[in-house]
Amino acid sequence: MGEAPQGFRYVERADGAVVITHHGRVAGMLRGGRAAQFLAEVQDDPQLVMARWTGNYRRGNERTARQHPRNRR
């Protein structure tokens, strides 16, 4: 099994936007409804949720996924 994502943090700004950083670098910014949806989800497993929302989710399983029948072309 892969390692759990690490190094993510988020800041909720006064204007309602959410800034997600990964090891100190901005990984994504969410505004409006997407920010509200993110804040509702982030309570469960913050590191995993932030990794998924920023697209930094896949690590080490790309080769396995390529072999899956739905990905063969």
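What covers the buried residues of α1? To find out, walk through this predicted model from its strands to its helix.

Start with strand β1, residues 8–12. Its partner is strand β2, residues 18–22. The two pair in the antiparallel sense, over 5 bridges. Look for V11 in β1: it stands opposite V19 in β2. Between β1 and β2 lie 5 residues, and the two strands form a hairpin. Find G16 in the turn. Its phi is positive, about 95°.

Now follow the chain into strand β3, residues 25–30. β3 runs antiparallel to β2, and 5 bridges join them. Here V19 turns up again. Its bridge partner in β3 is M29. So V19 faces V11 in β2's pairing with β1, and M29 in the pairing with β3. The hairpin of β2 and β3 has 2 residues between the strands. H23 takes a positive phi there, near 50°.

Next comes helix α1, residues 32–41. Its buried residues are A35, F38 and L39. They cover an arc of only 100° around the axis, which puts them on the same side of α1. A general rule helps here. An α-helix has 3.6 residues a turn, so residues three or four places apart point the same way.

What does the other face carry? Turned away from the buried side of α1 are the exposed residues G33 and A40.

Back to the opening question. The cover over the buried residues of α1 includes β1, β2 and β3. It also includes a second helix, α2, at 46–54.

Notes:
Residues numbered from 1 in each chain as written. Predicted model: local features only at pLDDT ≥ 70, side-chain atom pairs only at ≥ 80, totals over all residues. Heavy atoms only, no water. Pairing = 2+ DSSP bridges. Helix = DSSP H or I, 4+ residues; strand = E, 2+ residues; numbered from the N terminus. Buried < 20%, exposed > 50% of the residue type's maximum accessible area, 1.4 Å probe, protein only. Arc of directions from axis to C-beta. Contact = heavy atoms within 4.5 Å.
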